[in-house]
Amino acid sequence: MSDVAVSREGPVLTLILDRPERRNALGPALMSELADRIAEAEVDRDVRVLVLAGAGPAFSAGADIGWMRASRDLTREENLEDAVALRDAFERVDACSKALIARVHGAAIGGGAGLVACADVAVASDGARFAFAEARLGLIPATIAPYVLRAIGPGHARALFTSARSFGADDALRMGLVHRVVAEAALDEAVNEAVEACLLCGPRAVAEAKRLIRDATAAFELPDLSERIADARSSEEGQEGLSAFLEKRAPAWAPSSDS
C-alpha cells in the first residue's frame with residue numbers, strides 16, 4: 001500500500017502524503033517512498049515543478065507513533081542505522097533539482113515542519129500550526145536541523161528548539177519558514193500561482209540556483225547529525241521522554257502539577 005499519492009498535470013508533479021488516518025505521520029516507509037518518487041522525477045526531463053501536499057486534515061503531524069514506540073527497543077547501533085536512513089531520505093528531498101513547492105495546511109510538526117523547510121516555496125493556510133517538539137520527548141531535531149537553520153536562521157531555531165512551542169502561520173511567515181499565508185479557501189490558487197512563477201524560469205537556471213544556495217549554506221551541514229539523534233534516542237532522557245509520550249504522562253523532568 002502506497003503512502004504517497006502521485007498525480008501529474010503536464011510539467012507539474014504533485015506528491016501527496018497519503019496517511020490521513022495518522023495525520024500523515026512520518027515513518028521510514030513514507031519517507032523512503034517520498035524520496036523514491038522525487039528521484040524518479042529527477043530523471044524525467046518533462047517534470048519541471050513538484051508540489052508536496054498532505055491528504056486529510058494535516059500536512060504532517062510529525063513522527064509516526066509506531067515508529068517511535070519501536071525505537072525504544074533498538075540498540076544504539078540500530079538507532080544509528082535508522083537515523084542514517086531518515087537523514088538520507090530528507091537529503092534526497094532537499095537535493096531535488098526541480099522547483100519544490102509545499103502546500104501546507106493543518107499541522108506541520110517536527111519532521112513535517114522539516115519537509116516545509118526543504119521546500120523552495122512554502123505556501124500555508126492561515127490556520128496552519130508548526131512546532132519542533134522534539135525536546136519535550138528528550139530528543140533533538142538533528143535530522144532536520146540543517147534545513148530549518150537555513151530557512152529561519154540560528155536565532156529563531158534556538159528559541160523554537162529549546163522551547164518546543166507551537167506557532168502559527170503568521171509567525172512562520174515572519175521567520176521565513178513559509179513564504180506566503182492565505183485563507184484555506186485560497187490555498188490551491190496561491191499554490192498554482194507559485195507553480196506558474198516557477199514555470200517561467202529556465203529549468204537549468206532553477207537547478208543551478210538551488211545548487212548555489214546549497215553550496216553557500218554548507219556550513220549548516222554537520223557530519224555527525226545521525227550519531228547525535230541516535231545518542232539522544234538511546235539516552236536515559238530520550239527513553240523517558242518517549243515512554244512518557246506513549247504512556248500519556250508527564251516526563252520525569254516536567255514540573256509537577258502539585259508544585
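These points concern one helix and one small group of strands in a predicted model.

1. Helix α7 covers residues 187-199, and its 13 residues reach 19 Å from the first C-alpha to the last, which is close to the 18 Å expected at 1.5 Å a residue.

2. Which residues of α7 are buried? They are Leu187, Ala190, Val191, Ala194, Val195 and Cys198, and because these buried residues fall within an arc of 145° when seen down the axis of α7, they line one face of the helix. The general background is that an α-helix has 3.6 residues a turn, so residues three or four places apart point the same way.

3. On the other side of α7 the picture is reversed, in that Glu189 and Glu196 are exposed. The cover over the buried residues of α7, by contrast, includes the strands β2 (12-17), β3 (49-54), β4 (99-104), β6 (121-125) and β9 (180-182).

4. Elsewhere in the model, three strands form an open sheet in the order β5-β7-β8, and the pairing within this sheet is mixed. Its edge strands are β5 (107-109) and β8 (166-168), each of which pairs on one side only, while the twist from one strand to the next averages 20°.

5. In what sense do β5 and β7 pair? Strand β7 (residues 129-131) and β5 run in the parallel sense, joined over three bridges, and Ile109 stands opposite Ala131 in β7.

6. Helix α4 (residues 111-118) should be viewed together with this pair of strands, since α4 lies across β5 and β7 and runs at about 95° to β5.

Technical notes
Residues are numbered from 1 along each chain as its sequence is written. This is a predicted model: local features need pLDDT of at least 70, side-chain atom pairs count only at pLDDT 80 or more; totals for chains, interfaces and linings use all residues. Side-chain values use heavy atoms; hydrogens and water are left out. Helices (H or I, at least four residues) and strands (E, at least two) are DSSP runs, numbered from the N terminus. The expected span of a helix is 1.5 Å times one less than its number of residues. Buried means under 20% relative accessible area, exposed over 50%, partly exposed in between (1.4 Å probe, protein chains only). The arc is that of the directions from the helix axis to the C-beta atoms. Contact means heavy atoms within 4.5 Å. Two strands pair if DSSP finds at least two bridges between them. Axes are lines fitted to C-alpha atoms, for helices over the stretch in contact, and angles run from 0 to 180 degrees between N-to-C directions.
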